Amino acid sequence: MASTRSCFYAGFAAQRNFAEVIAKGEAQGMVSKCIGIMLGIALANCVGLVFSEYLLSGQVPPIDEVNEEEPLFPALPVLNAKPSDKAQSAVLSTEAKDAAVEIERRLQLGSKLSDVVNRKEDVLALFELYRNEAYILTEHKGRFFVILKKSCSQHDMLKSLFHVNYLYWLERYAGIISMGASDDCKPGGRLQISLEYVQREFNHVTNDSLLVGWATDGLIARPLPNRVCLGHVASSPRSR
């Protein structure tokens, strides 16, 4: 059964790979499968934890701090107890941890466009805004949906997650909420502002991540299988 939920975690510990990602929550109730996945890597870490801290403080948290914060067994919280006297992270803030949890809950990667947008003006606005990107990000009913184009690479998926984090930052700290897809795509709209920032800043966050030891080649993920092929999108008919 296809997953209705995309919770993406980066396997930072095993090979210090910022892009190594697994999907959890696909088979609810199958605890043994979840444990098997978690044992397959040293620790599981949320990509949003790194991006959230960068957006909040301008710092990329080091690998050891991120590894210490993410639970080894997400499916079994009782096994994730930490010592009460555990030292506070030097870089990772409580705000970043909370943001990562919230983003994970609201994110779906590899969404089907027709399940998210049904107005022609919204579709056309999204395709125009993201014409030079290999993904489309929009918000629908309080959730973040990433629609992947056929050309989308692992690096593009990683970029889309940085975009999701900044979109959440605008909502949480600047009070800029969604007004609908077509309005959000207009100059000064939420999606236009966030995309402009991501296009300017994404290379900086990946370069800063490399300096503290992360590999940022791309996102190795199992998103939902949907892809958008631009050749199949009908152009808007002209008024007569």
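Let's count two rings of Phe, Tyr or Trp (its six-membered ring) as a pair when their centres lie within 6.5 Å. Planes under 30 degrees apart make the pair stacked, over 60 edge-to-face, and anything else tilted. Keep in mind that what you're looking at is a predicted model. With that rule, eight aromatic pairs turn up.

Take phenylalanine 162 and phenylalanine 202 as a starting point: their ring centres are 6.0 Å apart and their planes make an angle of 40 degrees, so by the cut-offs above the pair is tilted. Phenylalanine 162 belongs to helix H8 (residues 154-174) and phenylalanine 202 to helix H10 (residues 190-211), so this contact ties together parts that sit 40 residues apart in sequence. Both phenylalanine 162 and phenylalanine 202 are buried.

Now look at tyrosine 166 and tyrosine 197. This pair is stacked, with 3.9 Å centre to centre and 10 degrees between the planes. Here too the contact links distant parts of the chain, with tyrosine 166 in helix H8 and tyrosine 197 in helix H10, 31 residues apart. What about exposure? Tyrosine 166 has a relative accessible area of 10%, which puts it in the buried class, and tyrosine 197, at 16%, counts as buried as well. The cut-off that matters for that call is 20%.

Zoom out a little and these rings turn out to be part of one aromatic cluster, made up of Phe51, Tyr54, Phe162, Tyr166, Trp169, Tyr173, Tyr197 and Phe202. One of its members, tyrosine 173, also has a charged neighbour: arginine 172 lies over the face of that ring, 5.1 Å from the ring centre.

Next, the strands. A handy anchor is E6 (residues 143-148), where five of the six residues are buried, so the strand is largely enclosed by the rest of the structure. Which strands pair with E6? One is E4 (residues 107-109), which runs parallel to E6 and pairs with it over three bridges. To find that pairing on screen, look for leucine 107, whose bridge partner in E6 is phenylalanine 144.

Another is E5 (residues 135-140), antiparallel to E6 and paired with it over six bridges. Here leucine 137 has valine 146 as its bridge partner in E6. E5 and E6 form a hairpin with two residues between them. If you're checking backbone torsions, stop at lysine 141 in that turn, where phi is positive, at about 55 degrees.

Conventions: Residues numbered from 1 in each chain as written. Predicted model: local features only at pLDDT ≥ 70, side-chain atom pairs only at ≥ 80, totals over all residues. Heavy atoms only, no water. Buried < 20%, exposed > 50% of the residue type's maximum accessible area, 1.4 Å probe, protein only. Helix = DSSP H or I, 4+ residues; strand = E, 2+ residues; numbered from the N terminus. Pairing = 2+ DSSP bridges. Lys NZ or Arg CZ within 6 Å of the ring centre and 35° of its normal.
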